[in-house]
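Colleague: Thanks for making time. I'd like to go through how some of the labels in your annotation were reached. Shall we start?

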Amino acid sequence: MSDYEDKKNKAKSYTLFNNESGQSFEIPVLKGTDGPEVLDIRSLYKDTGMFAYDPGYTSTASCSSSITYIDGHKGILRHRGYNIKDLTTHSDFIEVCYLLLHGDLPSIIDKQKFEKVINNHKMLHEQLVNFYRGFRRDAHPMAIMVGVVGALSAFYNDSTDFANINQRMIACHRLIAKIATIGSMAYKYSLGQPFVYPKDNLSYSENLLYMTFSVPTKEYKVNPVIAEAMDKFFILHADHEQNASTSTVRLAGSSGANPFACIAAGIASLWGPAHGGANEAVILMLQEIGSVENIPNFIKKSKDKNDPFRLMGFGHRVYKNYDPRAEVMKVTAHKVLKELEKSEDPLLKIALALEKLALKDEYFIEKKLYPNVDFYSGIILKAIGFPTSMFTVLFAIGRTVGWTAQWKEMIEDPVNKIGRPRQLYNGSNSRNYEIINKRETKSIFQWLWSKK
Ligand code: CMC
(Lines give C-alpha, C1' and ligand atoms only; values in the text may rest on other atoms or scores of the structure.)
Protein backbone atom coordinates (compact mmCIF):
# COMPACT_ATOMS: atom_id res chain seq x y z
CA MET A 1 0.00 0.00 0.00
CA SER A 2 1.43 3.40 -0.92
CA ASP A 3 1.83 6.13 1.68
CA TYR A 4 -0.90 8.10 -0.10
CA GLU A 5 -3.49 5.33 0.21
CA ASP A 6 -2.26 4.68 3.68
CA LYS A 7 -3.19 8.20 4.82
CA LYS A 8 -6.40 8.29 2.81
CA ASN A 9 -7.80 5.34 4.72
CA LYS A 10 -7.01 6.74 8.11
CA ALA A 11 -10.31 8.70 8.27
CA LYS A 12 -11.76 6.13 10.68
CA SER A 13 -10.14 5.27 14.01
CA TYR A 14 -10.63 3.48 17.34
CA THR A 15 -9.78 4.88 20.74
CA LEU A 16 -7.74 2.87 23.21
CA PHE A 17 -8.45 4.08 26.74
CA ASN A 18 -6.09 3.48 29.67
CA ASN A 19 -8.24 3.08 32.81
CA GLU A 20 -5.30 3.76 35.14
CA SER A 21 -3.85 6.92 33.63
CA GLY A 22 -7.02 8.18 31.97
CA GLN A 23 -5.03 8.66 28.75
CA SER A 24 -6.51 7.76 25.39
CA PHE A 25 -4.80 6.82 22.13
CA GLU A 26 -6.17 6.96 18.62
CA ILE A 27 -5.69 3.81 16.54
CA PRO A 28 -6.24 4.52 12.84
CA VAL A 29 -8.10 2.02 10.66
CA LEU A 30 -6.87 0.94 7.23
CA LYS A 31 -9.21 -0.32 4.56
CA GLY A 32 -8.01 -2.56 1.74
CA THR A 33 -9.88 -3.14 -1.51
CA ASP A 34 -11.67 -6.14 0.04
CA GLY A 35 -11.72 -7.98 3.36
CA PRO A 36 -11.91 -6.81 6.97
CA GLU A 37 -10.64 -3.43 8.09
CA VAL A 38 -7.27 -3.41 9.82
CA LEU A 39 -6.15 -1.57 12.96
CA ASP A 40 -2.92 0.26 12.21
CA ILE A 41 -0.91 -0.42 15.36
CA ARG A 42 2.48 0.51 13.92
CA SER A 43 2.95 3.29 16.47
CA LEU A 44 1.30 1.40 19.37
CA TYR A 45 4.59 0.77 21.19
CA LYS A 46 5.89 4.29 20.58
CA ASP A 47 2.61 5.85 21.77
CA THR A 48 1.66 3.50 24.62
CA GLY A 49 4.74 1.44 25.54
CA MET A 50 2.73 -1.75 24.89
CA PHE A 51 3.01 -4.58 22.40
CA ALA A 52 0.10 -6.50 20.85
CA TYR A 53 0.00 -10.24 21.79
CA ASP A 54 -1.19 -12.56 19.00
CA PRO A 55 0.45 -16.02 18.94
CA GLY A 56 -0.13 -17.73 15.60
CA TYR A 57 -1.01 -14.32 14.11
CA THR A 58 -4.72 -15.15 14.20
CA SER A 59 -5.67 -11.45 14.15
CA THR A 60 -2.60 -9.90 12.60
CA ALA A 61 -2.12 -8.63 9.04
CA SER A 62 1.66 -8.92 8.68
CA CYS A 63 1.80 -7.00 5.40
CA SER A 64 -0.34 -5.49 2.68
CA SER A 65 -0.53 -7.50 -0.52
CA SER A 66 -2.38 -7.35 -3.84
CA ILE A 67 -1.75 -10.94 -4.94
CA THR A 68 -4.36 -13.19 -3.30
CA TYR A 69 -7.67 -12.57 -1.58
CA ILE A 70 -9.44 -15.11 0.62
CA ASP A 71 -12.83 -14.83 2.28
CA GLY A 72 -12.76 -17.89 4.51
CA HIS A 73 -16.39 -17.59 5.59
CA LYS A 74 -17.75 -17.49 2.05
CA GLY A 75 -15.16 -19.96 0.69
CA ILE A 76 -13.74 -17.43 -1.80
CA LEU A 77 -10.20 -17.56 -3.22
CA ARG A 78 -9.07 -15.06 -5.86
CA HIS A 79 -5.69 -14.37 -7.42
CA ARG A 80 -5.22 -10.79 -8.64
CA GLY A 81 -9.04 -10.54 -8.62
CA TYR A 82 -9.71 -13.73 -10.61
CA ASN A 83 -11.78 -16.49 -9.04
CA ILE A 84 -9.85 -19.74 -8.53
CA LYS A 85 -12.59 -21.71 -10.34
CA ASP A 86 -12.25 -19.52 -13.45
CA LEU A 87 -8.50 -19.96 -13.36
CA THR A 88 -8.66 -23.76 -13.03
CA THR A 89 -11.34 -23.93 -15.76
CA HIS A 90 -9.83 -21.57 -18.34
CA SER A 91 -6.13 -21.04 -17.60
CA ASP A 92 -3.09 -23.26 -17.47
CA PHE A 93 -0.41 -23.14 -14.78
CA ILE A 94 2.04 -21.03 -16.80
CA GLU A 95 -0.64 -18.35 -17.27
CA VAL A 96 -1.32 -18.34 -13.53
CA CYS A 97 2.43 -17.98 -12.89
CA TYR A 98 2.46 -14.91 -15.15
CA LEU A 99 -0.63 -13.55 -13.40
CA LEU A 100 0.83 -13.94 -9.91
CA LEU A 101 4.19 -12.46 -10.86
CA HIS A 102 3.06 -9.64 -13.13
CA GLY A 103 -0.45 -8.81 -11.89
CA ASP A 104 -2.45 -9.46 -15.09
CA LEU A 105 -3.32 -12.37 -17.34
CA PRO A 106 -0.93 -12.47 -20.31
CA SER A 107 -1.79 -11.81 -23.97
CA ILE A 108 -0.94 -14.63 -26.41
CA ILE A 109 2.41 -12.97 -27.22
CA ASP A 110 3.24 -12.29 -23.56
CA LYS A 111 2.43 -15.87 -22.66
CA GLN A 112 4.65 -17.25 -25.43
CA LYS A 113 7.54 -15.01 -24.35
CA PHE A 114 7.09 -15.94 -20.69
CA GLU A 115 6.95 -19.66 -21.48
CA LYS A 116 10.14 -19.32 -23.52
CA VAL A 117 11.92 -17.63 -20.61
CA ILE A 118 10.77 -20.36 -18.20
CA ASN A 119 11.82 -23.07 -20.68
CA ASN A 120 15.28 -21.51 -20.95
CA HIS A 121 15.78 -21.83 -17.21
CA LYS A 122 14.46 -25.37 -16.68
CA MET A 123 17.78 -27.20 -16.69
CA LEU A 124 20.00 -27.33 -13.63
CA HIS A 125 23.71 -26.55 -13.51
CA GLU A 126 25.32 -29.92 -14.23
CA GLN A 127 27.47 -29.69 -11.09
CA LEU A 128 24.29 -29.82 -9.02
CA VAL A 129 24.04 -33.47 -10.03
CA ASN A 130 27.04 -34.13 -7.78
CA PHE A 131 25.26 -32.34 -5.00
CA TYR A 132 22.40 -34.90 -5.22
CA ARG A 133 24.86 -37.76 -4.96
CA GLY A 134 25.82 -36.55 -1.47
CA PHE A 135 22.38 -37.48 -0.11
CA ARG A 136 21.45 -40.93 1.14
CA ARG A 137 19.17 -42.78 -1.27
CA ASP A 138 16.48 -43.05 1.39
CA ALA A 139 16.52 -39.31 2.15
CA HIS A 140 13.06 -37.75 2.19
CA PRO A 141 12.71 -35.77 -1.08
CA MET A 142 11.68 -32.69 0.94
CA ALA A 143 15.04 -32.84 2.73
CA ILE A 144 16.72 -32.90 -0.69
CA MET A 145 14.54 -29.99 -1.88
CA VAL A 146 15.50 -27.81 1.10
CA GLY A 147 19.19 -28.53 0.49
CA VAL A 148 19.23 -28.18 -3.31
CA VAL A 149 17.11 -25.02 -3.44
CA GLY A 150 19.29 -23.42 -0.75
CA ALA A 151 22.36 -24.43 -2.77
CA LEU A 152 21.06 -22.66 -5.90
CA SER A 153 22.50 -19.43 -4.51
CA ALA A 154 25.95 -21.00 -4.79
CA PHE A 155 25.35 -21.84 -8.46
CA TYR A 156 23.43 -18.76 -9.63
CA ASN A 157 25.33 -16.04 -7.85
CA ASP A 158 24.44 -13.57 -10.63
CA SER A 159 20.81 -13.42 -9.46
CA THR A 160 21.17 -13.14 -5.69
CA ASP A 161 21.17 -9.34 -5.37
CA PHE A 162 17.64 -8.63 -4.15
CA ALA A 163 18.07 -4.88 -4.71
CA ASN A 164 18.66 -5.27 -8.45
CA ILE A 165 15.36 -5.47 -10.41
CA ASN A 166 16.88 -7.58 -13.23
CA GLN A 167 18.45 -10.03 -10.81
CA ARG A 168 15.17 -10.23 -8.88
CA MET A 169 13.22 -11.13 -11.99
CA ILE A 170 15.81 -13.68 -13.17
CA ALA A 171 15.80 -15.31 -9.72
CA CYS A 172 11.99 -15.62 -9.85
CA HIS A 173 12.12 -17.17 -13.34
CA ARG A 174 14.91 -19.53 -12.33
CA LEU A 175 13.06 -20.72 -9.25
CA ILE A 176 9.74 -21.31 -11.05
CA ALA A 177 11.48 -23.12 -13.91
CA LYS A 178 13.97 -25.20 -11.93
CA ILE A 179 11.79 -26.29 -9.03
CA ALA A 180 9.98 -28.95 -11.10
CA THR A 181 13.33 -30.31 -12.34
CA ILE A 182 14.69 -30.33 -8.77
CA GLY A 183 11.61 -32.19 -7.45
CA SER A 184 11.66 -34.81 -10.23
CA MET A 185 15.38 -35.36 -9.73
CA ALA A 186 14.84 -35.93 -6.00
CA TYR A 187 12.43 -38.73 -6.94
CA LYS A 188 14.72 -40.24 -9.58
CA TYR A 189 17.58 -40.20 -7.07
CA SER A 190 15.54 -42.16 -4.53
CA LEU A 191 14.88 -44.83 -7.17
CA GLY A 192 18.47 -44.94 -8.40
CA GLN A 193 17.25 -44.15 -11.91
CA PRO A 194 19.03 -41.74 -14.27
CA PHE A 195 17.93 -38.10 -14.13
CA VAL A 196 15.66 -37.09 -17.02
CA TYR A 197 16.19 -33.63 -18.53
CA PRO A 198 13.21 -31.39 -19.37
CA LYS A 199 12.00 -30.81 -22.94
CA ASP A 200 10.93 -27.51 -24.48
CA ASN A 201 8.04 -29.00 -26.45
CA LEU A 202 6.25 -30.09 -23.27
CA SER A 203 4.13 -27.89 -21.02
CA TYR A 204 5.11 -27.30 -17.39
CA SER A 205 2.96 -30.16 -16.08
CA GLU A 206 3.78 -32.49 -18.98
CA ASN A 207 7.45 -31.95 -18.26
CA LEU A 208 6.99 -32.77 -14.61
CA LEU A 209 5.34 -36.10 -15.52
CA TYR A 210 7.94 -36.80 -18.17
CA MET A 211 10.92 -36.08 -15.90
CA THR A 212 9.38 -38.12 -13.09
CA PHE A 213 8.05 -41.19 -14.85
CA SER A 214 10.01 -41.69 -18.07
CA VAL A 215 13.14 -43.84 -18.36
CA PRO A 216 15.69 -43.65 -21.20
CA THR A 217 14.94 -47.20 -22.38
CA LYS A 218 11.23 -46.68 -23.06
CA GLU A 219 9.01 -44.34 -25.06
CA TYR A 220 6.97 -42.16 -22.74
CA LYS A 221 3.71 -40.58 -23.86
CA VAL A 222 2.12 -38.05 -21.52
CA ASN A 223 -1.53 -38.80 -20.78
CA PRO A 224 -3.40 -35.50 -21.43
CA VAL A 225 -6.00 -36.17 -18.70
CA ILE A 226 -3.25 -36.68 -16.14
CA ALA A 227 -1.31 -33.64 -17.38
CA GLU A 228 -4.47 -31.53 -17.03
CA ALA A 229 -5.01 -32.85 -13.50
CA MET A 230 -1.41 -31.94 -12.57
CA ASP A 231 -1.90 -28.50 -14.05
CA LYS A 232 -5.00 -27.99 -11.92
CA PHE A 233 -3.11 -29.27 -8.88
CA PHE A 234 -0.36 -26.68 -9.48
CA ILE A 235 -2.86 -23.84 -10.06
CA LEU A 236 -4.70 -24.75 -6.84
CA HIS A 237 -1.45 -24.67 -4.88
CA ALA A 238 0.06 -21.60 -6.58
CA ASP A 239 -0.55 -19.12 -3.78
CA HIS A 240 -2.55 -18.82 -0.61
CA GLU A 241 -1.95 -15.45 0.96
CA GLN A 242 0.13 -15.19 4.16
CA ASN A 243 0.24 -18.89 5.22
CA ALA A 244 3.12 -20.27 7.32
CA SER A 245 5.54 -20.97 4.45
CA THR A 246 4.81 -17.70 2.62
CA SER A 247 5.24 -15.74 5.84
CA THR A 248 8.51 -17.63 6.37
CA VAL A 249 9.69 -16.58 2.89
CA ARG A 250 8.73 -12.95 3.59
CA LEU A 251 10.38 -12.96 7.03
CA ALA A 252 13.59 -14.50 5.67
CA GLY A 253 13.55 -12.07 2.73
CA SER A 254 12.94 -9.02 4.91
CA SER A 255 16.55 -9.21 6.11
CA GLY A 256 17.77 -8.99 2.51
CA ALA A 257 18.62 -12.70 2.30
CA ASN A 258 18.95 -13.98 -1.27
CA PRO A 259 15.81 -15.35 -2.95
CA PHE A 260 17.06 -18.95 -3.16
CA ALA A 261 17.72 -19.05 0.58
CA CYS A 262 14.27 -17.55 1.24
CA ILE A 263 12.46 -20.15 -0.88
CA ALA A 264 14.46 -22.93 0.82
CA ALA A 265 13.17 -21.56 4.14
CA GLY A 266 9.62 -21.64 2.74
CA ILE A 267 10.05 -25.28 1.67
CA ALA A 268 11.23 -26.19 5.18
CA SER A 269 8.15 -24.56 6.69
CA LEU A 270 5.82 -26.24 4.19
CA TRP A 271 7.12 -29.66 5.18
CA GLY A 272 5.19 -29.75 8.49
CA PRO A 273 2.09 -31.97 8.72
CA ALA A 274 -0.12 -29.04 9.76
CA HIS A 275 0.76 -27.33 6.45
CA GLY A 276 1.97 -28.94 3.19
CA GLY A 277 2.73 -32.27 4.83
CA ALA A 278 -1.00 -32.85 5.33
CA ASN A 279 -1.53 -34.37 1.86
CA GLU A 280 0.91 -37.14 2.76
CA ALA A 281 -0.71 -37.51 6.18
CA VAL A 282 -4.20 -37.86 4.63
CA ILE A 283 -3.20 -40.94 2.66
CA LEU A 284 -1.50 -42.50 5.69
CA MET A 285 -4.67 -41.81 7.69
CA LEU A 286 -7.00 -43.28 5.03
CA GLN A 287 -4.79 -46.38 4.89
CA GLU A 288 -4.87 -46.64 8.67
CA ILE A 289 -8.68 -46.33 8.69
CA GLY A 290 -8.64 -49.26 6.29
CA SER A 291 -12.37 -49.69 5.76
CA VAL A 292 -15.59 -47.67 5.91
CA GLU A 293 -16.77 -49.42 9.11
CA ASN A 294 -13.79 -48.01 11.03
CA ILE A 295 -14.59 -44.37 10.18
CA PRO A 296 -16.79 -43.61 13.24
CA ASN A 297 -13.94 -44.68 15.54
CA PHE A 298 -11.51 -42.33 13.85
CA ILE A 299 -14.00 -39.46 13.96
CA LYS A 300 -14.47 -40.14 17.67
CA LYS A 301 -10.71 -40.20 18.17
CA SER A 302 -10.30 -36.87 16.39
CA LYS A 303 -12.79 -35.26 18.79
CA ASP A 304 -11.08 -36.58 21.92
CA LYS A 305 -9.20 -33.72 23.60
CA ASN A 306 -6.81 -36.23 25.23
CA ASP A 307 -5.84 -37.69 21.88
CA PRO A 308 -3.53 -35.66 19.58
CA PHE A 309 -5.08 -37.30 16.49
CA ARG A 310 -6.87 -34.95 14.08
CA LEU A 311 -8.70 -35.73 10.87
CA MET A 312 -6.01 -34.86 8.36
CA GLY A 313 -7.25 -32.83 5.39
CA PHE A 314 -9.95 -31.26 7.56
CA GLY A 315 -10.09 -27.76 8.98
CA HIS A 316 -8.30 -24.59 8.03
CA ARG A 317 -7.15 -21.46 9.80
CA VAL A 318 -8.91 -19.24 7.25
CA TYR A 319 -11.67 -21.32 5.63
CA LYS A 320 -14.71 -21.73 7.82
CA ASN A 321 -16.58 -23.09 4.81
CA TYR A 322 -15.78 -25.66 2.11
CA ASP A 323 -12.27 -24.91 0.80
CA PRO A 324 -12.90 -23.92 -2.87
CA ARG A 325 -9.71 -25.76 -3.83
CA ALA A 326 -11.06 -29.00 -2.33
CA GLU A 327 -14.14 -28.78 -4.58
CA VAL A 328 -11.97 -28.70 -7.72
CA MET A 329 -9.72 -31.44 -6.30
CA LYS A 330 -12.71 -33.71 -5.66
CA VAL A 331 -13.97 -33.39 -9.27
CA THR A 332 -10.42 -33.88 -10.57
CA ALA A 333 -9.97 -36.99 -8.40
CA HIS A 334 -13.02 -38.59 -10.01
CA LYS A 335 -11.74 -37.74 -13.53
CA VAL A 336 -8.25 -39.12 -12.86
CA LEU A 337 -9.51 -42.34 -11.29
CA LYS A 338 -11.93 -42.87 -14.20
CA GLU A 339 -9.15 -42.30 -16.74
CA LEU A 340 -6.86 -44.73 -14.93
CA GLU A 341 -9.70 -47.21 -14.43
CA LYS A 342 -9.33 -46.94 -10.66
CA SER A 343 -12.82 -45.64 -9.87
CA GLU A 344 -13.22 -48.38 -7.31
CA ASP A 345 -10.15 -47.14 -5.43
CA PRO A 346 -10.72 -48.20 -1.80
CA LEU A 347 -9.10 -45.01 -0.45
CA LEU A 348 -11.48 -42.84 -2.48
CA LYS A 349 -14.38 -44.85 -1.10
CA ILE A 350 -13.16 -44.26 2.47
CA ALA A 351 -12.51 -40.55 1.77
CA LEU A 352 -16.01 -39.98 0.38
CA ALA A 353 -17.63 -41.79 3.30
CA LEU A 354 -15.41 -39.97 5.82
CA GLU A 355 -16.28 -36.58 4.34
CA LYS A 356 -20.00 -37.41 4.42
CA LEU A 357 -19.93 -38.53 8.05
CA ALA A 358 -17.72 -35.70 9.31
CA LEU A 359 -19.84 -33.04 7.61
CA LYS A 360 -22.90 -34.39 9.49
CA ASP A 361 -21.11 -34.54 12.84
CA GLU A 362 -22.05 -31.85 15.42
CA TYR A 363 -18.39 -31.29 16.42
CA PHE A 364 -17.28 -30.59 12.83
CA ILE A 365 -20.37 -28.47 12.11
CA GLU A 366 -19.92 -26.38 15.26
CA LYS A 367 -16.19 -25.83 14.67
CA LYS A 368 -16.76 -25.22 10.94
CA LEU A 369 -14.31 -27.93 9.91
CA TYR A 370 -14.55 -28.76 6.20
CA PRO A 371 -12.30 -30.72 3.84
CA ASN A 372 -9.30 -28.65 2.74
CA VAL A 373 -7.17 -28.80 -0.43
CA ASP A 374 -5.18 -31.75 0.90
CA PHE A 375 -8.12 -34.05 1.46
CA TYR A 376 -8.50 -35.22 -2.16
CA SER A 377 -5.13 -34.21 -3.63
CA GLY A 378 -3.32 -37.24 -2.20
CA ILE A 379 -5.80 -39.62 -3.82
CA ILE A 380 -5.07 -38.03 -7.22
CA LEU A 381 -1.31 -38.10 -6.74
CA LYS A 382 -1.31 -41.68 -5.49
CA ALA A 383 -3.44 -42.85 -8.44
CA ILE A 384 -1.02 -41.17 -10.86
CA GLY A 385 1.81 -43.13 -9.28
CA PHE A 386 3.61 -40.66 -7.02
CA PRO A 387 4.82 -42.13 -3.72
CA THR A 388 3.45 -40.32 -0.65
CA SER A 389 6.87 -38.84 0.10
CA MET A 390 6.58 -36.83 -3.14
CA PHE A 391 3.21 -35.25 -2.28
CA THR A 392 4.61 -32.27 -0.36
CA VAL A 393 7.31 -31.85 -3.00
CA LEU A 394 4.55 -31.38 -5.59
CA PHE A 395 2.85 -28.85 -3.30
CA ALA A 396 6.20 -27.00 -3.09
CA ILE A 397 6.57 -27.02 -6.88
CA GLY A 398 3.14 -25.40 -7.28
CA ARG A 399 3.67 -22.93 -4.42
CA THR A 400 7.08 -21.68 -5.62
CA VAL A 401 5.48 -19.11 -7.91
CA GLY A 402 3.41 -17.76 -4.99
CA TRP A 403 6.49 -17.56 -2.78
CA THR A 404 8.51 -15.73 -5.43
CA ALA A 405 5.64 -13.32 -6.24
CA GLN A 406 5.18 -12.56 -2.53
CA TRP A 407 8.93 -12.17 -2.01
CA LYS A 408 9.17 -9.77 -4.98
CA GLU A 409 6.14 -7.80 -3.80
CA MET A 410 7.70 -7.44 -0.35
CA ILE A 411 11.07 -6.25 -1.70
CA GLU A 412 9.30 -3.70 -3.93
CA ASP A 413 6.95 -2.43 -1.19
CA PRO A 414 8.07 1.02 0.03
CA VAL A 415 6.81 0.08 3.52
CA ASN A 416 9.18 -2.96 3.61
CA LYS A 417 10.93 -3.33 6.97
CA ILE A 418 12.92 -6.18 8.47
CA GLY A 419 10.45 -8.53 10.22
CA ARG A 420 11.10 -8.33 13.94
CA PRO A 421 8.20 -9.41 16.18
CA ARG A 422 8.39 -8.73 19.92
CA GLN A 423 7.29 -11.00 22.77
CA LEU A 424 5.49 -11.26 26.08
CA TYR A 425 8.47 -12.16 28.29
CA ASN A 426 7.68 -14.79 30.92
CA GLY A 427 11.13 -15.89 32.11
CA SER A 428 13.12 -15.20 35.28
CA ASN A 429 13.54 -11.70 36.56
CA SER A 430 17.05 -10.40 37.07
CA ARG A 431 19.07 -12.75 39.35
CA ASN A 432 22.53 -12.87 40.86
CA TYR A 433 25.19 -14.85 38.97
CA GLU A 434 26.49 -17.95 40.80
CA ILE A 435 29.94 -19.39 40.15
CA ILE A 436 29.86 -23.03 38.96
CA ASN A 437 30.93 -24.82 42.19
CA LYS A 438 28.07 -23.12 44.05
CA ARG A 439 25.35 -24.37 41.67
CA GLU A 440 23.00 -27.23 42.53
CA THR A 441 23.03 -30.31 40.29
CA LYS A 442 19.74 -30.58 38.36
CA SER A 443 18.20 -33.83 37.18
CA ILE A 444 17.64 -32.71 33.55
CA PHE A 445 20.37 -34.89 32.05
CA GLN A 446 20.13 -37.87 34.38
CA TRP A 447 18.23 -40.00 31.85
CA LEU A 448 21.12 -39.54 29.43
CA TRP A 449 23.81 -40.40 31.97
CA SER A 450 21.87 -43.45 33.12
CA LYS A 451 22.04 -44.82 29.53
CA LYS A 452 25.83 -44.89 29.54
N1 CMC B 1 -9.73 -32.73 13.35
C2 CMC B 1 -10.32 -32.59 14.56
N3 CMC B 1 -10.43 -31.41 15.21
C4 CMC B 1 -9.92 -30.33 14.61
C5 CMC B 1 -9.30 -30.40 13.36
C6 CMC B 1 -9.22 -31.65 12.71
N7 CMC B 1 -8.64 -31.77 11.52
N8 CMC B 1 -8.87 -29.16 13.00
C9 CMC B 1 -9.20 -28.35 14.00
N10 CMC B 1 -9.85 -29.05 14.99
C11 CMC B 1 -10.41 -28.49 16.22
C12 CMC B 1 -9.30 -28.17 17.21
O13 CMC B 1 -9.03 -29.25 18.07
C14 CMC B 1 -9.88 -26.98 17.93
O15 CMC B 1 -10.77 -27.44 18.89
P16 CMC B 1 -11.00 -26.60 20.26
O17 CMC B 1 -11.55 -25.29 19.84
O18 CMC B 1 -11.98 -27.44 21.03
O19 CMC B 1 -9.67 -26.50 20.92
C20 CMC B 1 -10.68 -26.25 16.85
O21 CMC B 1 -11.02 -27.25 15.88
C22 CMC B 1 -9.91 -25.14 16.16
O23 CMC B 1 -8.67 -25.68 15.72
P24 CMC B 1 -7.29 -24.91 15.76
O25 CMC B 1 -6.17 -25.88 15.81
O26 CMC B 1 -7.34 -23.85 16.82
O27 CMC B 1 -7.34 -24.19 14.35
P28 CMC B 1 -6.10 -23.65 13.59
O29 CMC B 1 -6.62 -22.59 12.70
O30 CMC B 1 -5.00 -23.28 14.51
O31 CMC B 1 -5.59 -24.93 12.75
C32 CMC B 1 -5.26 -26.49 11.03
C33 CMC B 1 -5.84 -25.13 11.41
C34 CMC B 1 -5.30 -26.63 9.51
C35 CMC B 1 -3.78 -26.55 11.45
C36 CMC B 1 -6.09 -27.59 11.71
O37 CMC B 1 -7.42 -27.55 11.28
C38 CMC B 1 -5.49 -28.98 11.46
O39 CMC B 1 -4.58 -29.40 12.18
N40 CMC B 1 -6.00 -29.73 10.41
C41 CMC B 1 -5.43 -31.00 10.05
C42 CMC B 1 -4.16 -30.79 9.24
C43 CMC B 1 -4.45 -30.32 7.83
O44 CMC B 1 -5.32 -30.84 7.15
N45 CMC B 1 -3.66 -29.31 7.38
C46 CMC B 1 -3.76 -28.79 6.02
C47 CMC B 1 -4.20 -27.35 5.99
S48 CMC B 1 -4.66 -26.83 4.33
C49 CMC B 1 -3.19 -26.84 3.47
C50 CMC B 1 -2.30 -25.73 3.81
O51 CMC B 1 -2.71 -24.56 3.70
O52 CMC B 1 -1.15 -26.00 4.18
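Modeller: Gladly. In this predicted model, the side chain of N207 reaches the backbone oxygen of L202 at 3.4 Å.

Colleague: What makes that pair of N207 and L202 a polar contact?

Modeller: The cut-off for a pair of N or O atoms is 3.5 Å. The N207 side chain is 3.4 Å from the backbone oxygen of L202, so the pair falls within that limit.

Colleague: And why is N207 called buried rather than exposed?

Modeller: Buried means under 20% relative accessible area. N207 has 2%, so it counts as buried. The residue lies in helix α9, residues 204-213. Leaving aside neighbours within four places in sequence, N207 is in contact with K122, P198, K199 and L202.

Colleague: How do you know whether N297 is buried or exposed?

Modeller: The label "exposed" needs over 50%. N297 has a relative accessible area of 53%, so it is exposed. It lies in helix α14, residues 295-303. The C-alpha atoms of N297 and L209 are separated by 38 Å, and the two residues are 88 apart along the chain.

Colleague: What about K46, buried or exposed?

Modeller: With a relative accessible area of 69%, set against the limit of over 50%, K46 is therefore exposed. K46 is in helix α2. Its C-alpha atom is separated by 52 Å from that of V129, 83 residues apart along the chain.

Colleague: Which label does R80 get, and why?

Modeller: R80 has a relative accessible area of 22%. Buried would need under 20% and exposed over 50%, so R80 is partly exposed. You'll find R80 in the loop between β5 (76-79) and β6 (82-83).

Colleague: What makes the phi of R80 worth a note?

Modeller: Most residues other than glycine have a negative phi. The phi of R80 is near 50°, a positive value in a residue other than glycine. For Y57, too, phi is positive, near 50°. Y57 sits in the loop between α2 (44-48) and β4 (68-71).

Colleague: Now the interior. How many residues are in the largest nonpolar core, and which have the most contacts inside it?

Modeller: That core has 119 residues, and those with the most contacts inside it are Y132, Y204, M230, F386 and I397. Helix α8 (residues 165-191) gives the most to this core, with 13 residues.

Colleague: What does Y132 touch?

Modeller: Not counting residues up to four places away in sequence, Y132 touches L124, I144, V148, I182, M185, A186, Y189 and F195.

Colleague: And the ligand: which residues come nearest?

Modeller: Of the 20 residues around the ligand, H275, L311, G313, R317 and K367 come nearest. By class, this shell has eight nonpolar, seven polar and five charged residues.

Colleague: How do you know that K367 makes a polar contact with the ligand?

Modeller: The limit is again 3.5 Å. An N or O atom in the side chain of K367 is 2.9 Å from an oxygen atom of the ligand, so this pair qualifies. A polar side-chain atom of N372 also lies 2.9 Å from a ligand oxygen. For Y363, the partner is a nitrogen atom of the ligand, 2.9 Å from an N or O atom in the side chain. As for cover, on its own the ligand has 940 Å² of accessible area, and the protein covers 76% of that.

Definitions and conventions. Residues are numbered from 1 along each chain as its sequence is written. This is a predicted model: local features need pLDDT of at least 70, side-chain atom pairs count only at pLDDT 80 or more; totals for chains, interfaces and linings use all residues. Side-chain values use heavy atoms; hydrogens and water are left out. A nonpolar core is a set of buried Ala, Val, Leu, Ile, Met, Phe, Trp, Tyr and Cys residues joined through side-chain atoms within 4.5 Å. Buried means under 20% relative accessible area, exposed over 50%, partly exposed in between (1.4 Å probe, protein chains only). Helices (H or I, at least four residues) and strands (E, at least two) are DSSP runs, numbered from the N terminus. Contact means heavy atoms within 4.5 Å. A residue is near a molecule or strand if one of its heavy atoms lies within 4 Å of it. A polar contact is a pair of N or O atoms within 3.5 Å; within protein, one must be able to donate a hydrogen and the other to accept it, and residues adjacent in sequence count only if both atoms are side-chain atoms. Accessible areas come from the Shrake-Rupley method with a 1.4 Å probe; for residues, only the protein chains shown count as cover. Ala, Val, Leu, Ile, Met, Phe, Trp, Tyr, Cys and Pro count as nonpolar, Asp, Glu, Lys and Arg as charged, and the others, Gly among them, as polar.
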